[in-house]
Each structure stands twice: as C-alpha cells, then as structure tokens.
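Colleague: I've got the sequence and the fold open side by side. Could you walk me through them?

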Amino acid sequence: AYKISNFVVSASIEPEAFGRVSVEAQSMKRPILASNIGGSKETIIDNKTGILFEAGSSDDMSKKIITIFLFSTILAFSACSSYPTWVPEWAQISAGN
C-alpha cells in the first residue's frame with residue numbers, strides 16, 4: 001500500500017510505543033504526516049523527515065495535508081532523506097538484533 005501512496009498519514013490519538021507506520025513510510029520513501037505523540041514523535045524530525053500535527057486536531061491535520069500538496073517536491077526529498085536515518089536502525093530492531 002505504501003508504494004502506491006503519495007503520502008502516509010498516521011493519525012493516532014493515543015501514544016504508540018514505536019510508531020511503526022512512520023518508519024515503514026520512511027522505508028518506502030513516502031512523506032509521512034503523523035500525530036505528535038508516541039513513537040512517531042521520536043522517529044520524525046518535524047518539517048525535515050516528516051510532518052507532525054497536534055494529536056486529535058482535525059484542523060491542524062487538514063492544514064498539514066494542504067502543506068503536503070503545496071510542497072510535494074520538497075516533501076518527496078524529505079522522505080528520501082529520512083530513509084538512511086531510520087531504516088538501518090528499524091531493520092535491526094525488526095530482526096531482533
């Protein structure tokens with residue numbers, strides 16, 4: 001599903017321990033928009049390797065979605081630049097190392 005997506009949204013309203021969706025999106029070089037709680041807050045550098053929005057705020061999320069459409073070229077680069085940062089670490093965790 002990530003390969004055919006223009007961007008990925010992780011709209012959690014409660015903290016997740018790891019935020020796997022964010023890391024999976026980054027591993028597929030897709031821009032990620034995620035709520036600013038839990039694991040996503042730890043794996044996304046806001047406005048650099050993804051975009052964070054206020055958890056539970058549909059207004060903030062919709063503004064950030066508009067940002068993604070307006071700056072899609074920049075975000076595509078950001079998605080690619082986050083790949084080497086998180087994928088090797090995530091791969092080790094997934095492999096149980």
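Colleague: How much area does the protein expose, and what share of it do carbon and sulfur atoms supply?

Modeller: Keep in mind that this is a predicted model, where local features need pLDDT of at least 70, side-chain atom pairs count only at pLDDT 80 or more, and totals for chains, interfaces and linings use all residues. Residues are numbered from 1 along each chain as its sequence is written, and side-chain values use heavy atoms, with hydrogens and water left out. Accessible areas come from the Shrake-Rupley method with a 1.4 Å probe, and for residues only the protein chains shown count as cover. On that basis the protein exposes about 5800 Å², and the share from carbon and sulfur is 58%.

Colleague: What pattern do the helices and strands follow along the sequence?

Modeller: Helices (H or I, at least four residues) and strands (E, at least two) are DSSP runs, numbered from the N terminus. There are 4 helices and 3 strands. Read along the sequence, they give β-α-β-α-β-α-α.

Colleague: In what order do the strands sit in the sheet?

Modeller: Two strands pair if DSSP finds at least two bridges between them. β1 and β2 (residues 32-35) run parallel and are joined by 3 bridges, with valine 9 partnering leucine 33 of β2. The sheet is open, its pairing is parallel, and the order is β1-β2-β3.

Colleague: Why is helix α1 described as largely enclosed?

Modeller: Buried means under 20% relative accessible area, exposed over 50%, and partly exposed in between (1.4 Å probe, protein chains only). The buried residues of α1 include Val23, Glu24 and Ala25. Helix α1 (residues 20-27) is largely enclosed by the rest of the structure because the buried residues number 6 of the 8.

Colleague: And serine 12: which residues is it in contact with, leaving aside neighbours within four places in sequence?

Modeller: Serine 12 is in the loop between β1 (8-10) and α1, and at 16% relative accessibility it counts as buried. Contact means heavy atoms within 4.5 Å. By that test, serine 12 touches Ser35, Ile37 and Ala55.

Colleague: Which residues form a nonpolar patch on the surface?

Modeller: Patches take residues with over 30% relative accessible area and no salt bridge, joining like charges within 9 Å and nonpolar side chains (Val, Leu, Ile, Met, Phe, Trp, Tyr) within 5 Å. A salt bridge is a side-chain nitrogen of Lys or Arg within 4 Å of a carboxyl oxygen of Asp or Glu. Phenylalanine 71 is partly exposed, at 42% relative accessible area. The patch has about 330 Å² of accessible area together, and its members are Ile66, Leu70 and Phe71.
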